[in-house]
Number of protein chains: 2
Amino acid sequence: MSNIREVSRLAGVSTATVSRALRNPELVSKESQRKVMEAVERLNYRPNMLARNFRSERSYSIVILTPSIASPFYSRVTRGVELAAQNRGYSVLLGDTRDSLRREDEYIELVETRLADGIIQFRPSEENSEIARRANFPIVYACGCADTALPSVRIDNIEAARSIVNYFLSLGHRRIATICGQPENPHSIDRLVGYRRALQEADVTLDPELIVHADDYSMASGVKAGSRIARLNDLPTALFCMNDEIAIGAIQSLKRAGFSVPEDISVAGFDNIDFARHYDPPLTTIDQPSDEIGQIACNMLIDQIEGRPNSQNNVILDYDLIVRASSGTVRPD
Amino acid sequence: MSNIREVSRLAGVSTATVSRALRNPELVSKESQRKVMEAVERLNYRPNMLARNFRSERSYSIVILTPSIASPFYSRVTRGVELAAQNRGYSVLLGDTRDSLRREDEYIELVETRLADGIIQFRPSEENSEIARRANFPIVYACGCADTALPSVRIDNIEAARSIVNYFLSLGHRRIATICGQPENPHSIDRLVGYRRALQEADVTLDPELIVHADDYSMASGVKAGSRIARLNDLPTALFCMNDEIAIGAIQSLKRAGFSVPEDISVAGFDNIDFARHYDPPLTTIDQPSDEIGQIACNMLIDQIEGRPNSQNNVILDYDLIVRASSGTVRPD
């Protein structure tokens, strides 16, 4: 690749003029500007941005910490982050933590050694995280939960869960089960609060047998948890799963056990991943504005990095209840 | 964050000694080394790696160019890249090109301006790409096709498609349809070669009506293409879809039209994404070693960057035919 001296020689101007023409074109004459751009074009010159980064002590990149890049929901949030970052001249470094705190720490190190300017954290939990202890750098939580002191973008998980259970109640369901993620997962905690609240408000007695915890938010865990639901002596008439993957796995188990969805049992998920509408039956779910969450989180982070004040510290976005064929009125006894 | 002068002051040694203790500990005394590490620990000092990058003219990061980060298959390849990169001290920059050449060019620019040391290209096509013209930088093609002069890691798409059609033939099928991606897509081209080859070898006359092109590799396009198959006067008894998303969409359309899978028509996909096993019916498909493709591509790229010779320029990995409930013997007439 050619260097700035070759550009200066071909354009017949000093290297300082080349540098100014590229960075502050208003400081050079139109004629010099034209000569420099012609030489840049002919030599296919690209400035070495490592020098800019070194001088400015900035990397112009941000890290996303995601529990799994292969998760359909998080990868859509990532897409939103990437779009906003590229628009503002930043790159996105991929921190696939695989839910490992050790891997998370290695990515925090990137910010501490100046290789990234800030972090977007997808993991909803701050538990055991080094971030809370070391967070003297720009950070935004995306998709998190209530009670984060740090800047965040999310939906109201409690209200969203409550609206699904209220929808089931409006169809006549009273025996409504739920499959949560891990008990300590903040999404599970918030969504369980919403589930309980809706039932209490409708004077439906909580049956602890109807609250099942999956091992994690995967389809395989949904299959396992769904077979526990299928083995209950008295099958619930409705089932709220705390993400779409769990719902898909649970429906697979219910069908295998000989039950029809929604005739025997209505099922709903959460997130509205692309597969939800193409499942059999298509899945009733909560649509999270995943792209928008990513874009807003990214812009909030870059504002922090560039020292602009954030107008809002915690942004709460709207969700939609999407009703599809996996849910219907309660079956007659 | 603390700086090297504070470390030097606390440790009671020169900044040059601090620098040596961190980079070449064998050059300093054990006592100095101990003092420096204690001071580093107490001050939570992290060296500014932007200086290292500037001096070495290296960014220690690589870019992946992916047509869609939200694609379940590409996101698993990405996970493999990320794992290998982190093991070798490199970061992965996310280039979500959304199949746009303009966005792709902006990421190529990162390498040309030294903000990345090389590129892993997921897009199988070199058509209209700036890479071929400008590729004076390290690059590896992952998941590509035959006929790439540049280093690549992939499976044999022609053979994999041929093995699916041979499997259908072994079950007694003769009227076998296929849904391809876009006609110019190299995956479609290779897999169509394999489809034709298997039929020719079995002396089955090709029926052009049975070759349908989807708009792209999405489920929505699979729905559209599947409804064209469902409307054929003489329904084929088997259908090979060139990825799992198309297969899922096509099955949805076939079911809506009143057909049973596999009783009326056997269906197979390609890739073995996580959803394939959880669909109804679970999907027969080709399992690509996605994680391994990503890891090998990443290691080949870093070898190029670091000037080590690659023992192989084009790596071809094994695939597996996974038989699940979406396919069965031909229906009796």
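A salt bridge is a side-chain nitrogen of Lys or Arg within 4 Å of a carboxyl oxygen of Asp or Glu. Keep that in mind as we walk through this structure, which is a predicted model. By that rule, you can count 38 salt bridges over all chains, and between chain A and chain B the count is 4.

Let's begin where the two chains meet. The elements that give two or more residues to the side of chain A that touches chain B are helix 4 (49-56), helix 5 (72-87), strand 2 (91-96), helix 6, helix 10 (219-230) and helix 11 (244-256) of chain A. Helix 5 of chain A hands over the largest share of that side, with 9 residues. And what sort of residues make up this side of chain A? They split into 25 nonpolar, 14 polar and 21 charged.

Now for the extent of that meeting place. On chain A, 60 residues are in contact with 59 residues of chain B. People often give the size of an interface as the accessible area lost when the parts come together. Between chain A and chain B, the buried area is about 5,300 Å², and carbon and sulfur atoms give 59% of it. There are also 22 residue pairs in polar contact between chain A and chain B, counting pairs with both residues at pLDDT 80 or more.

Time to zoom in on some salt bridges that cross between the chains. Take B:Glu82 and A:Arg103, whose closest N and O atoms are 2.5 Å apart. B:Glu82 sits in helix 5 (residues 72-87) of chain B, while A:Arg103 sits in helix 6 (residues 101-112) of chain A, so this pair joins two chains. Are these two residues buried or exposed? B:Glu82 is buried, because its relative accessible area is 1%, and A:Arg103 is buried too, at 5%. You can also find a salt bridge between B:Arg103 and A:Glu82, again with 2.5 Å between the closest N and O atoms.

Other salt bridges stay inside one chain. Look at A:Arg34 and A:Glu31, whose side chains meet with 2.7 Å from N to O. Why are they about one helical turn from each other? Both belong to helix 3 (residues 30-43) of chain A, and they are 3 residues apart there, which means about one helical turn separates them. A:Arg34 is partly exposed, with 39% relative accessibility, and A:Glu31 is partly exposed as well, with 40%.

Next, hop over to A:Arg308, which forms a salt bridge with A:Glu306 at 3.1 Å between the closest N and O atoms. A:Arg308 counts as partly exposed at 47% relative accessible area, and A:Glu306 counts as partly exposed at 32%. This pair isn't on its own: salt bridges that share partners link A:Arg88, A:Asp303, A:Glu306 and A:Arg308 into one network.

Let's step back for a view of chain A as a whole. Chain A is divided into domain 1 (4-47), domain 2 (52-155 + 289-319) and domain 3 (157-288). If you go from the C-alpha centre of domain 1 to that of domain 2 in chain A, you cover 37 Å.

Over in chain B, helix 4 (residues 49-56) is worth a look. Its buried residues include B:Met49, B:Leu50, B:Ala51, B:Arg52 and B:Asn53. What covers the buried residues of this helix? The cover includes helix 4 of chain A together with helix 2 (15-23) of chain B. After helix 4 of chain B comes B:Glu57, which has a positive phi, near 55°.

We'll finish with two loop residues of chain B. B:Thr237 lies in the loop between helix 10 (219-230) and strand 8 (238-241), and B:Thr237 counts as buried because its relative accessibility is 11%. Its side chain makes a polar contact of 2.6 Å with the side chain of B:His173. Not counting residues up to four places away in sequence, B:Thr237 touches several others, among them B:Arg174, B:Asp264 and B:Val330.

B:Asp318, for its part, lies in the loop between strand 11 (314-317) and strand 12 (320-322) of chain B. B:Asp318 is exposed, with 70% relative accessible area. Leaving aside neighbours within four places in sequence, B:Asp318 is in contact with B:Ile155 and B:Pro289. Try tracing the chain from B:Asp318 to B:Ile305: they are 13 residues apart along the chain, and their C-alpha atoms are separated by 27 Å.

Technical notes. Residues numbered from 1 in each chain as written. Chains lettered and ligands numbered in written order. Heavy atoms only, no water. Helix = DSSP H or I, 4+ residues; strand = E, 2+ residues; numbered from the N terminus. Buried < 20%, exposed > 50% of the residue type's maximum accessible area, 1.4 Å probe, protein only. Contact = heavy atoms within 4.5 Å. Buried area = accessible area lost by both parts, 1.4 Å probe. Polar contact = N/O pair within 3.5 Å; in protein donor to acceptor, adjacent residues only side chain to side chain. Nonpolar A, V, L, I, M, F, W, Y, C, P; charged D, E, K, R; others polar. Domains from an automatic or database assignment.
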